[in-house]
Structures are given as structure tokens and as C-alpha cells.
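The following exercises are to be worked with the sequence and the three-dimensional structure at hand. Each task is followed by a solution in steps.

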Amino acid sequence: MNTKVKKSKAENPLINALVILACCCYLFPIYLILTNSFKSRAEMYENMMALPSKLSMKYYIRALDKMNFMISLRNSVIMTVFSIVMIVVLTSMTAWVLARSADRWSRFLFGVLVATMLIPFQTIMMPLMQEMNWIGQNLHIQMTDTLPGLMFMYIGFGAGMGVFLYHGFISSVPISLEEAATIDGCSTWGLFWKIVFPILKPTTMTVIILDVIWIWNDYLLPSLTLKSKMNRTIPISTAKFFGQYTISWNEAMAALVVTIIPVALFYLSCQKYIVKGVAAGAVKG
Amino acid sequence: MKIRKGWYALFTVPLMSIFVIVVIIPFIIGIGYSFVEWDGFAKHAATFVGLRNYAEVFRDQRFINAALRTTVFTAIAVLSVNFFGLVFSLIVTTKLKARNIVRTMLFVPYLIGGLILGYIWKSVFSEFFLSIGWGNWLTDPVKALAAMIIVTTWQLAGYVMIVYITGLMAIPDDVIEAAEVDGASYFQTLFQIRFPLLMPSFTICLFLALSNCFKVYDVNISLTGAGPSYQSEMFSLNIYNEIFEQSNFGYGQAKAIIFFLIIAVVTLLQVRATKKREVSL
């Protein structure tokens with residue numbers, strides 16, 4: 001009886017509609033920037049909550065232009081994709097070797113990688129920049145103000161979490177399959193890429209999702225290294241946009257809507273993986 | 001299975017060398033920087049001052065205020081993030097038909113980065129609040145702090161909700177049903193069965209919220225920009241400003257080391273508490 005009452009409550013369209021309405025109120029800030037980005041200034045200050053009377057793209061065109069949005073988008077995509085490919089390849093390789101050779105040295109390396117996850121970025125940002133400038137001056141490898149330099153740093157900062165997640169998963173996979181493949185004459189390289197790496201797919205998804213959320217949105221590290229306009233990522237060009245111009249809120253809101261679009265597309269296209277990945281990453285971290 | 005030395009090196013050396021360059025070396029030279037006085041110019045020599053930078057921290061009123069403010073902010077934000085996250089997870093794990101849409105909507109803010117979120121809310125707290133006659137919250141120090149807490153809660157509640165959902169789903173239905181048959185009310189099952197079984201999730205979520213809130217930077221920069229007159233400046237931003245705005249590289253780095261020590265101690269205490277609880281369960 002009790003469960004029946006509950007079920008009918010849960011299926012009541014009115015209650016469902018009310019809950020969805022409450023969630024829409026929760027997302028009110030997004031509604032606010034969306035509607036006002038289409039309005040003229042006069043219309044906006046008349047009533048900020050009202051829907052726009054007509055859809056004017058004027059502010060979008062200006063915002064895209066001032067933010068140099070297409071170039072920032074390209075930079076963000078390149079930086080995120082390449083960093084993550086390298087993080088996945090290098091951390092899975094390292095984690096597998098460390099997990100499968102349980103000597104003292106491997107345990108030491110693993111311990112160091114995990115322990116340094118505690119270090120907040122703010123603690124090493126200044127010495128890191130000094131070191132990168134030093135490398136630029138003395139070894140003539142430009143590390144600051146270049147996207148490859150930034151990717152290099154992301155690989156270093158992503159190492160701890162990547163190895164940690166892969167290590168945990170590999171330790172739970174029985175070794176017998178790998179031993180069988182070795183007896184069949186598989187080389188270590190082939191063994192890893194043909195047998196082990198495919199098994200690691202769930203962890204690979206988790207690492208990708210967590211690193212996309214982190215690298216795509218990261219502001220502090222690129223704000224320290226990227227100086228020239230052509231190298232800006234989306235968070236940097238958004239911050240510059242808000243810092244540089246006396247703010248016209250219509251343009252600013254249009255700019256914000258545009259920056260959310262890639263995130264929304266990413267979320268809609270792999271929602272299942274994102275929720276799973278975030279849960280797995282949080283529980284293990 | 002034995003992996004030969006050559007393969008071992010090939011698999012680990014690339015990552016480990018990048019890691020050493022990016023994390024280990026800066027960490028070690030960072031400790032060195034904290035004992036010198038230096039203005040950041042390569043031509044100007046750094047002078048060794050021993051522990052003076054660390055002693056000076058206690059006389060720096062702006063820093064002490066930022067540290068205390070961050071502690072208060074963290075305490076309140078951790079509670080509100082977890083309260084809302086837990087309530088959301090309870091709504092989403094009912095038999096409600098709209099639960100998937102609801103979960104999707106509540107999780108969205110977490111995916112938008114802190115910087116962009118701060119700017120979105122800036123339009124709410126300044127322009128929108130002015131337009132409805134509530135005044136600009138960001139020009140008042142107390143309201144600016146409240147705004148920071150609201151935005152952080154909005155950002156992280158959906159995140160911890162995901163962890164709580166995982167925890168709630170792991171509780172077997174028959175336990176709850178048995179209690180209901182025995183006449184337990186909804187709140188009795190909630191407080192006496194679900195919450196105790198949810199302890200591991202509480203520990204994880206408290207930790208996640210704690211470290212995220214204590215390190216807050218992006219929202220601080222974009223929402224309040226430390227204003228009005230540094231009265232909403234948090235720990236991270238204070239370190240940044242000391243080093244890159246005031247050019248006190250050595251002194252700022254000492255603050256950064258203190259920041260690390262606080263986070264390390266709190267995290268280790270947290271891990272120990274988790275371990276203890278795991279044994280007792």
C-alpha cells in the first residue's frame with residue numbers, strides 16, 4: 001500500500017512539473033544571460049527578466065570579434081586534445097609498469113606521484129615560471145607563451161592523478177592474461193597496446209573526462225604563461241574581455257553564452273560518461 | 001611476470017622526466033625562494049633572509065584577514081555545498097519520472113569553469129540586483145562574501161550530488177523496505193539507516209568540498225576581483241597578488257609554502273579519519 005501511494009506521487013505530472021520548474025529557477029543565471037544577450041540596452045534595463053522582443057545577433061557579432069573567439073576556441077581545443085592524448089598514453093604506460101613490477105623502486109615512484117597530488121598549484125606557480133623562463137633563455141626551448149609549452153606543463157600536472165587512477169584499475173585486473181600473451185611470444189610493447197590498453201578503457205574514459213573538465217576550464221596556469229593574443233584560450237580571452245573594455249553587459253552576456261556552448265555540446269554528447277567519470281574520479285581521489 | 005629494464009625505462013622515463021621538471025623541481029626551488037628577499041628581476045640579486053619571510057606573515061594584516069576570511073568562507077561553503085548536494089541526491093534517487101532531467105540540470109554548473117561562472121553571477125549580483133532594487137552586492141564586503149558562498153555552492157552542489165547518488169544507489173532496497181514494513185517514517189529511515197550507511201560518501205564529499213573551497217581562485221578573480229578594496233580577497237589570490245602584483249617574490253613564496261602545509265595537514269588528518277572509520281565499519 002505504502003509503495004503504491006509513493007509510486008503514484010512520483011508519477012504525478014504536477015509534482016514532476018513543479019520539480020522541473022524549481023530546477024529552471026536554479027538555472028536562472030543562465031536564463032538571465034541568454035535572454036539579455038539578445039536585447040537592446042534600453043530593453044534590458046526596462047525588465048531584465050522578460051523574454052527579448054526580437055532576436056538581435058548584434059551583440060554576439062561584436063563579442064565574437066572582440067574576444068577573437070574562433071582563435072581562442074581553436075587554441076582551447078588543440079591544447080585540451082593534445083594534452084589529454086599525451087596524459088592518457090604516458091600515464092597508462094607508466095602505471096602499468098609500476099603496478100606490474102612490485103619492487104621497492106616502483107613503489108617509491110608511485111608514492112611520489114600520488115603524494116605530490118597534495119601540492120596546490122599556487123605553491124609552485126612562481127618557481128615553475130622561473131624555471132620555464134630559464135629553460136627558454138639557456139636551452140632555447142620556448143616554454144612560456146607557446147601552446148606546446150603549456151601542454152608540457154599539463155602533462156606534468158596530470159601525471160599524478162592519471163597514474164593513480166590507472167594503477168588502481170590495473171591492480172584489480174588478474175595478471176594471467178598478460179602472462180599467457182607473453183608465453184605466446186608477444187613483445188612488451190605489443191602486450192601493452194594490444195592486450196592491456198583496451199582493457200583499461202573504463203579508466204581511460206574517467207581520465208579523459210576529468211582532464212577535459214580541468215584543462216578546458218583552467219585559468220591560472222595559462223594566465224601566467226600565455227601573453228600574446230594569438231595564443232589565448234577561452235578562459236583567458238573571456239577574462240581579457242571583462243578586464244579590458246568598459247563593460248557593455250549585453251556584449252558581455254553574449255560572450256558568456258558563446259563560451260558555454262562548447263561545454264553544453266560536450267555535456268549533451270557524452271553525458272553518460274561524464275557522470276560516471278566524475279563519480280569514479282571523486283570516489284578514488 | 002618480469003618486465004625487462006629497457007622496457008621499464010621506456011615506459012616510465014618520458015612521464016617521470018616531465019613530472020620532475022614540472023612539479024618536483026619547482027617545488028624544491030620554491031622552498032629555497034621562501035628564504036630570500038627578491039623583487040623578481042633577474043638582474044637584482046636575491047638576499048638570504050632566513051625565516052624572516054615566515055615571521056613577517058604574522059604581522060601582515062591583509063594576509064591574516066585573507067586567511068581568516070578563507071577559513072570562514074570554507075566552513076560555510078562546505079556545509080552549504082554538502083547540504084544542497086545531499087538534498088538534490090535524495091530528490092534524484094526517488095522514483096520521480098523527471099529525475100534524469102533534474103539530475104542533468106543540477107549538474108550543469110559544475111562543468112562550466114569557475115571563471116565563467118563568476119562572470120555569469122556577476123551579472124546577477126550587480127546588474128540584475130540593481131534592476132530590481134536590491135543594490136549591488138559586490139560593493140559590500142559582507143554581501144560579496146555571501147555572493148562567493150552562493151556561487152561556490154551553485155558550482156559544487158551538483159558535483160557532490162553525483163557522489164551522494166552513487167552512495168545512495170549502493171544501499172540495498174530491502175533494508176529500507178524492511179524498515180518501512182516495520183513502520184519507520186521517511187525521516188527515521190533517512191537518519192537511522194541511510195545516513196549511517198552513507199558515511200563513506202560524506203567523507204569523500206567533505207574532502208572534495210574542503211579542498212575546492214580552500215583553494216578557491218577563479219571565482220574570486222571573476223566575481224569580486226578581491227574588491228571592494230581587498231575585502232573579499234582569498235588566500236590563493238593573496239599569494240598571487242603578493243608575488244605578481246607587489247613583486248615580493250620571496251615573501252609571497254613563503255605564503256605559498258604555508259598554504260601547502262595547511263592543505264597537507266588538513267588532508268592527512270582527513271585521510272586518517274577515513275581510515276579509522278573504515279576499520280570501525
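Helices (H or I, at least four residues) and strands (E, at least two) are DSSP runs, numbered from the N terminus. This is a predicted model, in which local features need pLDDT of at least 70 and side-chain atom pairs count only at pLDDT 80 or more, while totals for chains, interfaces and linings use all residues. Residues are numbered from 1 along each chain as its sequence is written, chains are lettered from A and ligands numbered from 1 in the order in which they are written, and side-chain values use heavy atoms, with hydrogens and water left out.

**Exercise 1.** Locate A:Ile274 and describe its surroundings.

Step 1. A:Ile274 lies in helix α16 (residues 271-284) of chain A.

Step 2. Buried means under 20% relative accessible area, exposed over 50%, and partly exposed in between (1.4 Å probe, protein chains only). A:Ile274 has 0% relative accessibility and therefore counts as buried.

Step 3. Contact means heavy atoms within 4.5 Å. Not counting residues up to four places away in sequence, A:Ile274 touches A:Ile209, A:Phe266 and A:Tyr267, together with B:Phe107 and B:Leu111.

Step 4. A:Ile213 is 61 residues from A:Ile274 along the chain, and their C-alpha atoms are separated by 9.4 Å.

**Exercise 2.** Compare the expected and modelled spans of helix α12 (residues 201-217) of chain A, and examine its burial.

Step 1. The expected span of a helix is 1.5 Å times one less than its number of residues. For the 17 residues of α12(A) this gives 24 Å, which agrees with the 24 Å between the end C-alpha atoms.

Step 2. Twelve of the 17 residues are buried, so that α12(A) is mostly covered. Among them are A:Ile209, A:Asp211, A:Ile213 and A:Trp216.

Step 3. A:Thr206 also belongs to α12 of chain A; this residue counts as buried because its relative accessibility is 8%. Not counting residues up to four places away in sequence, A:Thr206 touches A:Leu165, A:Gly277, A:Ala280 and A:Gly281.

**Exercise 3.** Determine how helix α7 (residues 173-181) and helix α8 (residues 186-197) of chain B cross.

Step 1. Axes are lines fitted to C-alpha atoms, for helices over the stretch in contact, and angles run from 0 to 180 degrees between N-to-C directions. The axes of α7(B) and α8(B) come within 11 Å and cross at roughly 145°.

Step 2. From α7(B), B:Val175, B:Ile176 and B:Ala179 make the contact; from α8(B), B:Thr189, B:Ile193 and B:Arg194 do so.
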